[in-house]
Amino acid sequence: MDGLINIYKEKGFTSHDVVAKMRGILHMKKIGHTGTLDPDATGVLPVCIGKGTRLCSLLENHDKTYQAVLLLGLETDTQDISGQVLAQRPVTVTEEQVMQTAASFRGRIMQIPPMYSALKVNGKKLYEYAREGKTIERAPRPVEIYELTIDRIELPRVTMTVSCSKGTYIRTLCHDIGQALGCGGCMESLVRTRVGSFRLEDAITLRELEEKRDTGELDSCIVTVEEIFRDRPCVHTREPFDVLIHNGNRVQGHMLEEILTGDQVRMYDSSGTFVGLYEADPVRKDYKPLKMFL
């Protein structure tokens, strides 16, 4: 079993809990997730298995979409509803002000990572400092909000859908919108609805995964490595050069059956066996292995 399973992470589980439970369900050790979700958050958690674990670092860079509920008038130390209350203020803003302020956060913005996060400073996670009552200075980091749509306003609650780049903290986005409105705010709930091409409607729970194991249907929920990269063009080596890619070497255009197109390509040998993902090197004008799966 090599590839990826689109898991629906339920509330109360950490991402590491999901991995641990899947090791028990699938009876295999080589399993890793592609991006942490907080215990109170739910939604899409792509989990790599077998040789698919080589994909984890690549898939972490995928864009993500969330549906979040922002609760105005309440600030907490964790920037979500689970934290200790730092301040409460009356919410006197109008719906129009909420719409305009939220819209100002679209595009490239700077975010200060929250203290209650797994980001490491001097080899120690920020939440470990926070639990000791310490506050560490954090430099703002650039993130991008591709889309921010207000789905519903029932003050003091604002439901919104956010598509964003890697490294975006939706908790912090909620906090910052609250600050900009002058009444403060925190994240009340969060559902991740998409990671790259993996969507909420296709995700399965751990219980459903267990049922598929028992009925012999596991293959139906495993996305193969080739399928994950189906948007990349595929190329085949000429038979004399199969040995090069079998050993993870670079290839040049004359060694291939097809003309290379794109920055990344799926590389196959002359018999049609998928070998790995290759990346263009504009300096040397050839292609180098990015991830090997042979």
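**Backbone geometry, nonpolar cores and a four-stranded sheet**

In the predicted model, Pro156 is placed in the loop that links strand 10 and strand 11. The peptide bond between Leu155 and Pro156 is cis, with an omega of about 15°. Most residues other than glycine have a negative phi, and most peptide bonds are trans. Two further loop residues depart from the usual backbone pattern in their phi angles. Gln79, which is not a glycine, has a positive phi near 70° and belongs to the loop between strand 5 (74–76) and strand 6 (85–88). Asn122, likewise not a glycine, has a positive phi of about 55° and is located in the loop between strand 8 (120–121) and strand 9 (124–125). The surroundings of these two residues contrast: Gln79 counts as buried, at 10% relative accessibility, whereas Asn122 counts as exposed, at 75%.

Strands 10 and 11, which flank the loop of Pro156, also contribute to the largest nonpolar core of the structure. This core comprises 28 residues, of which Leu72, Leu148, Met160, Val162, Ile170, Leu173 and Ile177 touch the most other members. Two or more residues are supplied by each of strand 4 (64–72), helix 3 (95–103), strand 10 (141–154), strand 11 (157–164), helix 5 (170–181) and strand 12 (185–195). When residues up to four places away in sequence are not counted, Ile177 touches Leu70, Thr101, Ala102, Phe105, Leu148 and Met160. A second core, separate from the first, contains 18 residues, among them Ile25, Leu26, Ile31 and Leu206.

The cysteines were examined next. A disulfide is a covalent bond between the sulfur atoms of two cysteines. The search of the whole structure returned 0 disulfides. For Cys186, the closest cysteine sulfur is that of Cys174, at 7.9 Å, and this separation is too far for a bond. Cys186 is buried, with a relative accessible area of 0%. Cys48 is buried as well, also with a relative accessible area of 0%.

Toward higher residue numbers, an open sheet is formed by 4 strands in the order 15-16-17-18, with mixed pairing. The edges are occupied by strand 15 (234–236) and strand 18 (286–292); each has a single partner strand, so one side of each lacks a neighbour in the sheet. On average, neighbouring strands of this sheet are turned by 40° against each other, direction ignored. Strands of a sheet pair through backbone hydrogen bonds, either parallel or antiparallel. The pairing of strand 17 (residues 274–281) with strand 18 is antiparallel and extends over 6 bridges. Ala280 has Tyr287, in strand 18, as its bridge partner.

Within this sheet, strand 16 (residues 264–268) carries Met267, which counts as buried at 0% relative accessibility. The C-alpha atoms of Met267 and Cys234 are separated by 6.0 Å, although the two residues are 33 residues apart along the chain. Once neighbours within four places in sequence are left aside, Met267 is in contact with Val235, Thr237, Ile245, Val251, Leu256, Thr273, Phe274, Val275, Gly276 and Tyr278.

Terms used:
Residues are numbered from 1 along each chain as its sequence is written. This is a predicted model: local features need pLDDT of at least 70, side-chain atom pairs count only at pLDDT 80 or more; totals for chains, interfaces and linings use all residues. Side-chain values use heavy atoms; hydrogens and water are left out. Two strands pair if DSSP finds at least two bridges between them. Axes are lines fitted to C-alpha atoms, for helices over the stretch in contact, and angles run from 0 to 180 degrees between N-to-C directions. A nonpolar core is a set of buried Ala, Val, Leu, Ile, Met, Phe, Trp, Tyr and Cys residues joined through side-chain atoms within 4.5 Å. Buried means under 20% relative accessible area, exposed over 50%, partly exposed in between (1.4 Å probe, protein chains only). Contact means heavy atoms within 4.5 Å. A disulfide is a pair of cysteine sulfur atoms within 2.5 Å.
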